Amino acid sequence: MRAITVRDREAGVNGPALEDLPHPHAAENDVIVRVHAAGFTRGELDWPGTWADRAGRDRTPSVPGHEVSGVVTELGYGTTGLTVGQRVFGLTDWTRDGSLAEYVAVEARNLAPLPADIDHTVAAALPISGLTAWQGLFDHARLTTGQTVLVHGAAGGVGSIAVQLALQAGARVIGTGRSTDRDTVLGLGADTFFALDTDPWAAADQVDVVFDVIGGTVLERSAPLVRAGGTLVTIAHPPTVRPGDGRSVFFVVEPDRARLTDLAQRLRDGRLEVRVGSIRPLAKAAAAFAPDRRVDGRTIIRVAE
């Protein structure tokens with residue numbers, strides 16, 4: 001099969017290349033998915049799991065990409081809940097070969113059925129962004145109706161979904177981003193927008209939840225904005241600051257079949273918009289790790305029609 005691989009950690013974004021690899025093996029409780037579309041995160045070339053397995057052993061050449069949408073072609077021993085020929089989408093394991101390939105082996109529990117009326121390229125943009133937004137807002141920050149949440153990077157893949165989910169939960173939403181993101185974020189329904197580069201966002205009123213995807217000084221300057229009992233939650237890096245009378249939480253997204261099913265239903269109902277900005281073929285996926293311009297929306301790799 002054809003796949004994007006990385007072999008040299010020092011090569012960075014110049015390392016991914018298209019090559020031939022053996023067809024993956026379905027271990028116990030696995031399925032083999034024929035990949036129709038795949039999503040990736042540019043920062044994953046720095047993740048330890050890209051280069052080593054769970055025991056810390058080198059696993060190169062490895063295949064990046066951890067979001068998949070496709071069709072089940074094979075079941076491993078003991079696998080239940082999915083069938084051959086079924087459309088599915090979800091997350092691949094962080095320490096196994098990923099989805100930028102024609103076929104991928106995935107634990108069945110990491111996948112959810114994909115309705116026939118959702119395009120694979122849209123579905124491949126949903127697992128990491130959708131699950132991260134949900135888990136950050138509700139599992140970790142415990143956002144409830146009537147509260148106010150500040151979403152940093154509100155026009156991005158995670159941020160844009162966090163804005164929509166928070167609004168559907170009855171929260172008031174303040175979004176931040178680049179100046180050029182203002183119309184996008186307000187168009188998603190946010191009550192207020194602050195441009196991080198020009199507006200005095202750090203002087204805003206206090207909020208119940210800050211959801212950060214940026215880190216650095218943005219994360220540090222956000223702590224004073226969290227009111228007593230509130231939560232600063234981030235996916236950028238473990239925080240070095242904490243609200244005076246609140247919590248700081250860093251987390252890594254986890255698979256959740258039931259939540260993926262719910263997110264897919266929201267897509268079908270028109271309650272959720274997934275922002276896909278660019279679709280590339282597998283042959284051009286390596287270059288997508290270092291784009292020459294900013295893409296408005298997620299970059300998705302179309303592997304099969």
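Okay, let's start with a word we need: a helix here is a DSSP run of H or I that is at least four residues long, and helices are numbered from the N terminus. Keep in mind that this is a predicted model.

So, helix 2. It covers residues 127-140, and two aromatic residues, Trp-134 and Phe-138, both lie in it. They sit four residues apart, about one turn of the helix. What does the angle between their planes make this pair? The planes of Trp-134 and Phe-138 are at 50 degrees and the ring centres are 4.4 Å apart, so the pair counts as tilted. The cut-offs behind that word are simple: under 30 degrees would be stacked, over 60 would be edge-to-face, and the rest is tilted.

Are Trp-134 and Phe-138 buried or exposed? Both of them are buried. And Trp-134 has another partner: the charged end of Arg-259 sits over its ring, 3.7 Å from the centre.

Now zoom out to the whole of helix 2. Twelve of its 14 residues are buried, so the rest of the structure largely encloses this helix. Among the buried ones are Pro-127 at the start, then Ile-128, Gly-130 and Leu-131, and further along Gln-135 and Leu-137. Right after helix 2 comes Arg-142, and that residue takes a positive phi of about 60 degrees.

Back to the rings for a moment. In general, you describe a pair of aromatic rings by how far apart the centres are and by the angle of the planes. This structure holds three aromatic pairs. Another one is Phe-40 with Phe-289, which is also tilted, with 4.6 Å from centre to centre and 40 degrees between the planes. How many residues apart are Phe-40 and Phe-289? They are 249 residues apart, so to speak at two ends of a long walk along the chain: Phe-40 is in the loop between strand 3 (30-39) and strand 4 (67-75), while Phe-289 is in the loop between strand 14 (276-281) and strand 15 (298-302). Phe-40 is buried because its relative accessible area is 5%, and the cut-off for buried is under 20%. Phe-289 counts as buried too, at 3% relative accessibility.

Next up, pockets. The largest pocket has about 1400 Å³ of space. It is lined by 38 residues, and the closest to its centre are Thr-41, Gly-157, Val-158, Val-213 and Ile-235. Which elements give two or more residues to that lining? Our helix 2 is one of them, and the others are helix 3 (157-168), strand 9 (172-177) and strand 15. If you sort the lining of the largest pocket by class, you get 18 nonpolar, twelve polar and eight charged residues.

The second largest pocket has a volume of about 180 Å³. Its lining is made of 16 residues, and Pro-24, His-25, Arg-96, Asp-97 and Ala-105 lie nearest the centre. By class, that lining has ten nonpolar, three polar and three charged residues.

Hold on to Arg-96, as it comes back in the last topic, salt bridges. The background is that side chains of opposite charge can pair when their charged atoms come close. The count here is 15 salt bridges.

Arg-96 pairs with Asp-30, and their closest N and O atoms are 2.7 Å apart. This salt bridge links distant parts of the chain, 66 residues apart: Asp-30 is in strand 3, and Arg-96 is in the loop between strand 5 (87-91) and strand 6 (103-107). Asp-30 counts as buried at 1% relative accessibility, whereas Arg-96 is partly exposed at 24%.

Another salt bridge joins Asp-20 and Arg-2, at 3.2 Å from N to O. Asp-20 belongs to strand 2 (residues 17-20) and Arg-2 to strand 1 (residues 2-5), 18 residues apart. Here Asp-20 is exposed, with a relative accessible area of 53%, and Arg-2 is partly exposed at 33%.

Then there's Glu-67 with Arg-298, where N to O is 2.5 Å. Glu-67 is in strand 4 and Arg-298 in strand 15, 231 residues apart. Are these two buried or exposed? Both Glu-67 and Arg-298 are buried.

One last thing: Arg-54, Asp-93, Glu-107 and Arg-109 are joined into one network by salt bridges that share partners. That's my tour, thanks for listening!

Methods
Residues numbered from 1 in each chain as written. Predicted model: local features only at pLDDT ≥ 70, side-chain atom pairs only at ≥ 80, totals over all residues. Heavy atoms only, no water. Phe/Tyr/Trp six-rings, centres within 6.5 Å; stacked < 30°, edge-to-face > 60°. Buried < 20%, exposed > 50% of the residue type's maximum accessible area, 1.4 Å probe, protein only. Lys NZ or Arg CZ within 6 Å of the ring centre and 35° of its normal. 1 Å grid on protein atoms, 1.4 Å probe; cavity = no way out; pocket = protein on both sides within 12 Å on 5 of 7 lines; lining within 4 Å. Points joined across faces, edges and corners; volume = space filled by probe spheres on them. Nonpolar A, V, L, I, M, F, W, Y, C, P; charged D, E, K, R; others polar. Salt bridge = Lys/Arg side-chain N within 4 Å of Asp/Glu carboxyl O.
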